[in-house]
Amino acid sequence: MSSKIRLGIIGIGNMGSGHARGVMEGKNPDFELAAVADISPERLAWAEKNLPGTTARFDEAIAMLDSGLIDACMVCVPHYDHPRYAIECMRRGIHVMVEKPAGVYTKQVREMNAEAAKHPEVVFGMMFNQRTNCLYRKLRELVQSGRYGQIRRANWIITDWYRPQTYYDSGAWRATWSGEGGGVLLNQCPHQLDLWQWICGMPAKVETHMHFGKWHDIEVEDDVTTYVEYENGATGVFITTTGEAHGTNRLEINMDKAQLVVEQGALKVAEFAQPEQEFSRTTPDVFAVMPVSEVPVELDGKNEQHIGVINAWGGAILRGEPLVARGEEGINGLMLSNAMHLSAFLGKPVELPIDEELFYDELMKRVATSRRKPETKAVFADTSGTYGGAK
């Protein structure tokens with residue numbers, strides 16, 4: 001391989017075109033944009049107009065993968081095809097970065113991970129750009145350090161994903177069981193679900209109440225409330241929607257010896273004077289309140305988002321440096337969203353790991369009656385400032 005990695009991008013819609021711009025603007029110095037592929041003539045016309053003349057254009061992804069023009073590939077297509085194209089890259093020895101989510105159902109992602117195990121020479125990454133945020137990196141460090149004991153409750157309310165009906169009408173695949181495989185959990189929340197398990201670990205039980213098309217004319221979920229239980233007895237709640245005009249993003253983790261909160265761009269840590277169990281057992285005051293003190297948190301200030309993930313991928317390919325997120329890790333957050341869907345489909349709690357065949361069967365029932373509208377005209381938007389990464 002030369003000093004530059006020859007990059008191909010499958011899908012040059014909102015996210016793919018954003019990644020292409022980053023490479024063209026020199027934000028990813030290890031890469032050169034060698035080729036793009038898209039089945040849309042409109043997007044290929046955009047590529048001809050906006051991408052360098054040296055960038056080859058293909059109307060079919062496999063032709064690009066077989067061209068010999070690329071060393072690495074980004075998969076930026078609708079969710080169902082993420083594992084398919086990742087596997088095609090791996091089989092050709094092409095390094096691959098997959099946009100979130102890893103797929104629609106864990107059964108297909110497990111197949112992708114099994115293929116990755118056969119190709120250790122391939123650097124396989126997942127676009128979990130929120131892991132670059134210093135707030136969540138520091139929060140994970142504090143939670144997993146053992147300094148504050150065990151987690152007792154982990155609540156995330158993430159309701160600032162507001163989307164108007166126009167958003168859902170902007171593409172035939174959006175918000176359909178057949179095209180997207182889910183709603184807010186599959187499109188907007190993969191980052192939060194990944195971070196939740198990355199910081200707190202995977203729960204043992206999930207119970208979800210879910211509304212489908214409550215706030216929009218769509219067939220998938222746009223309002224979700226989930227309760228979880230962990231092996232150690234800790235509990236948690238995850239609340240999300242795309243239907244609140246003025247929402248909230250607050251992650252609160254209560255531990256034996258501290259409360260940690262990420263909200264409004266800040267991480268606040270309230271340390272307890274002693275472990276809660278000890279305080280409860282020894283205080284003589286029947287209405288006692290735990291003495292707490294807010295402690296300063298030192299952050300490195302870095303939040304490199306998509307650019308950071310891609311640059312780490314380049315460093316892993318050329319110099320063996322660590323990835324922000326290994327591709328195999330994508331199954332964890334997807335397991336959470338699949339569990340939430342399955343619980344809502346069945347109307348009862350489910351245990352993790354879920355019955356993957358049962359989930360697939362339930363999903364396919366909904367795909368069979370999906371009212372996807374192929375005549376919808378696609379609308380593309382500049383996502384350069386939307387670091388949540390929703391497609």
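**Exercise 1. Find out how far helix α4 is enclosed, and by what.**

Solution. Step 1: helix α4 covers residues 82–91 of this predicted model, and eight of its 10 residues are buried, so α4 is largely enclosed by the rest of the structure. Buried means under 20% relative accessible area, exposed means over 50%, and partly exposed lies in between, with a 1.4 Å probe and protein chains only. Helices (H or I, at least four residues) and strands (E, at least two) are DSSP runs, numbered from the N terminus.

Step 2: the buried residues of α4 are His82, Pro83, Tyr85, Ala86, Ile87, Glu88, Cys89 and Met90.

Step 3: these buried residues pack against β1, α3 (61–65), β4, β5, α5 and β6. Contact means heavy atoms within 4.5 Å.

Step 4: after α4 comes Gly93, with a positive phi near 75 degrees.

Before going on, two notes on the basis of the values. The model is predicted, so local features need pLDDT of at least 70 and side-chain atom pairs count only at pLDDT 80 or more, while totals for chains, interfaces and linings use all residues. Residues are numbered from 1 along each chain as its sequence is written, and side-chain values use heavy atoms, with hydrogens and water left out.

**Exercise 2. Lay out the sheet of six strands and check two of its pairings.**

Solution. Step 1: the open sheet has the order β3-β2-β1-β4-β5-β6, with parallel pairing. Two strands pair if DSSP finds at least two bridges between them.

Step 2: β3 and β6 (124–126) are the edge strands, each pairing on one side only. On average, neighbouring strands of this sheet are turned by 25 degrees against each other, direction ignored. Axes are lines fitted to C-alpha atoms, for helices over the stretch in contact, and angles run from 0 to 180 degrees between N-to-C directions.

Step 3: β1 (residues 5–10) and β4 run parallel and are joined by four bridges. Ile9 stands opposite Met74 in β4.

Step 4: β4 (residues 72–75) and β5 also run parallel, with four bridges. Val75 has Val98 in β5 as its bridge partner.

Step 5: in a regular strand the side chains alternate between the two faces of the sheet. In β5 (residues 95–98), His95 and Met97 point one way, Val96 and Val98 point the other way, and all are buried.

**Exercise 3. Describe the sheet of nine strands and place Leu267 in it.**

Solution. Step 1: this open sheet has the order β14-β13-β12-β11-β7-β10-β9-β8-β15 and mixed pairing. β14 (292–295) and β15 (350–351) stand at the edges with a single partner strand each, so one side of each has no neighbour in the sheet.

Step 2: β12 (residues 258–263) and β13 (residues 266–272) run antiparallel and are joined by six bridges. Gln259 has Ala270 in β13 as its bridge partner.

Step 3: Leu267 lies in β13. Leu267 counts as buried because its relative accessibility is 9%.

Step 4: leaving aside neighbours within four places in sequence, the contacts of Leu267 include Leu135, Leu139, Val261 and Val297. The C-alpha atoms of Leu267 and Tyr136 are 8.4 Å apart, although 131 residues separate them along the chain.

Step 5: helix α8 (residues 190–200) lies across β7 (151–158), β9 (221–229), β10 (235–241) and β11 (249–255), at about 165 degrees to β7.

**Exercise 4. Check the length of helix α12 and sort its residues by side.**

Solution. Step 1: the expected span of a helix is 1.5 Å times one less than its number of residues. For the 13 residues of α12 (residues 356–368) this gives 18 Å, which agrees with the 18 Å between the end C-alpha atoms.

Step 2: Glu356, Phe359, Glu362 and Leu363 are buried in α12. They cover an arc of only 130 degrees around the axis, which puts them on the same side of α12. The arc is that of the directions from the helix axis to the C-beta atoms.

Step 3: the face turned away from the buried side carries the exposed residues Lys365 and Ala368.

Step 4: the cover over the buried residues of α12 includes α5 (106–117) and α11 (330–346).
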